[in-house]
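Let's walk through this protein together, moving from one residue out to the whole chain. Keep the viewer open as you read.

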Amino acid sequence: MGPIRELSSLIDDAISPKWQSQPQHLIDLLKQSEDEAFLQEMAAIKYRRKTDLAKFIKTNYKLTVDPHSIFDIQIKRIHSYKRQFMNILHILHLYNKLKAEPKLEMLPRTFIFGGKAAPGYHIAKEDHPADQYRRGAGKWGSVGPQSHESGLY
């Protein structure tokens with residue numbers, strides 16, 4: 001069973017397949033919030049998919065990603081969107097906070113960006129300071145052992 005189908009099947013079994021054409025039925029998942037078997041299976045599916053993504057990243061980009069970390073993923077067309085820039089600033093804020101307070105307790109996070117610029121969108125293709133942060137982000141995990149211990153990957 002494929003990755004998407006695995007989660008879809010779990011939800012189908014819990015609330016019926018009607019949520020696929022009528023997303024308002026996803027509210028019915030709240031009834032599963034105390035069903036330990038459902039929650040454990042959902043966590044297992046999530047972990048398997050995160051492990052698959054971590055392996056893909058390791059194979060294709062030679063970066064090690066902790067599948068136990070929180071995955072913060074933004075995949076969109078690249079524009080000068082406020083949301084994309086604010087996300088980069090948030091990462092910089094966390095990074096600077098961890099550098100200033102190496103013993104700070106924080107849940108480990110993995111930030112993943114993907115996307116491409118529209119063919120005629122020259123601003124998104126230009127090299128500007130945000131691009132330097134985007135390209136350097138993968139190197140932050142190797143800044144030193146304090147990064148790993150503090151939770152920045």
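Which residues does D12 touch, not counting residues up to four places away in sequence? The model here is a predicted one, and in it D12 touches R5, P17, W19 and Q20. That makes D12 a friendly place to begin the tour.

D12 is found in helix α1, a helix that covers residues 3-15. Two of its neighbours are also polar partners. With R5, D12 forms a salt bridge in which the closest N and O atoms are 3.0 Å apart. With Q20, the side chain of D12 makes a polar contact of 2.9 Å. Is D12 buried or exposed? Its relative accessibility is 11%, so D12 counts as buried, the cut-off for that class being under 20%. R5, at the other end of the salt bridge, counts as partly exposed at 39% relative accessibility. So this salt bridge pairs a buried acid with a partly exposed base.

Now step along the chain to S16, which is found in the loop between α1 and α2. If you check the backbone torsions, S16 has a positive phi of about 95°, although it is not a glycine. Most residues other than glycine have a negative phi, so a value of this sign is worth a look in the viewer. S16 is partly exposed, with a relative accessible area of 23%.

Next come the charged side chains that link helices. How many salt bridges does a search of the whole structure find? The search finds five, and the one between D12 and R5 has already been visited. Another joins R49 and E6, with the closest N and O atoms 2.3 Å apart. R49 lies in helix α2 and E6 in helix α1, so this pair ties together parts that are 43 residues apart in sequence. As for their surroundings, E6 is buried, with a relative accessible area of 16%, while R49 counts as partly exposed at 27%.

R49 has a further partner. The side chains of R49 and D52 meet in a salt bridge with an N to O distance of 2.8 Å. Here both residues lie in helix α2, three residues apart, which is about one turn of the helix. D52 counts as partly exposed, at 37% relative accessibility. Taken together, salt bridges that share partners join E6, E41, R48, R49 and D52 into one network.

Helix α2 spans residues 36-61, and the loop between it and strand β1 (70-75) holds L63. K62 lies in that loop between α2 and β1 as well. K62 has a phi near 60°, again a positive value in a residue other than glycine. At 64% relative accessibility, K62 counts as exposed, the class for values over 50%. L63 is partly exposed, with a relative accessible area of 36%. L63 also belongs to a nonpolar surface patch of about 320 Å², which it makes with F56 and Y61.

From that surface patch, turn to the interior. Which residues make up the largest nonpolar core? The answer is A54, I57, V65, F71 and I112, five residues in all. One of them, A54, touches V65 and P67, not counting residues up to four places away in sequence. V65 is thus both a contact of A54 and a fellow member of the core.

Finally, zoom out to the whole protein. Its secondary structure comes to six helices and two strands, and along the sequence these follow the pattern α-α-β-α-β-α-α-α. Buried residues make up 31% of the 153 residues. Among contacts with a separation of 6 or more, 54% are between residues 24 or more positions apart. The accessible surface of the protein comes to about 10500 Å², and 59% of that area belongs to carbon and sulfur atoms.

Notes:
Residues are numbered from 1 along each chain as its sequence is written. This is a predicted model: local features need pLDDT of at least 70, side-chain atom pairs count only at pLDDT 80 or more; totals for chains, interfaces and linings use all residues. Side-chain values use heavy atoms; hydrogens and water are left out. Patches are made of residues with over 30% relative accessible area and no salt bridge: like charges are joined within 9 Å, nonpolar side chains (Val, Leu, Ile, Met, Phe, Trp, Tyr) within 5 Å. Accessible areas come from the Shrake-Rupley method with a 1.4 Å probe; for residues, only the protein chains shown count as cover. A salt bridge is a side-chain nitrogen of Lys or Arg within 4 Å of a carboxyl oxygen of Asp or Glu. Helices (H or I, at least four residues) and strands (E, at least two) are DSSP runs, numbered from the N terminus. Buried means under 20% relative accessible area, exposed over 50%, partly exposed in between (1.4 Å probe, protein chains only). A nonpolar core is a set of buried Ala, Val, Leu, Ile, Met, Phe, Trp, Tyr and Cys residues joined through side-chain atoms within 4.5 Å. Contact means heavy atoms within 4.5 Å. A polar contact is a pair of N or O atoms within 3.5 Å; within protein, one must be able to donate a hydrogen and the other to accept it, and residues adjacent in sequence count only if both atoms are side-chain atoms.
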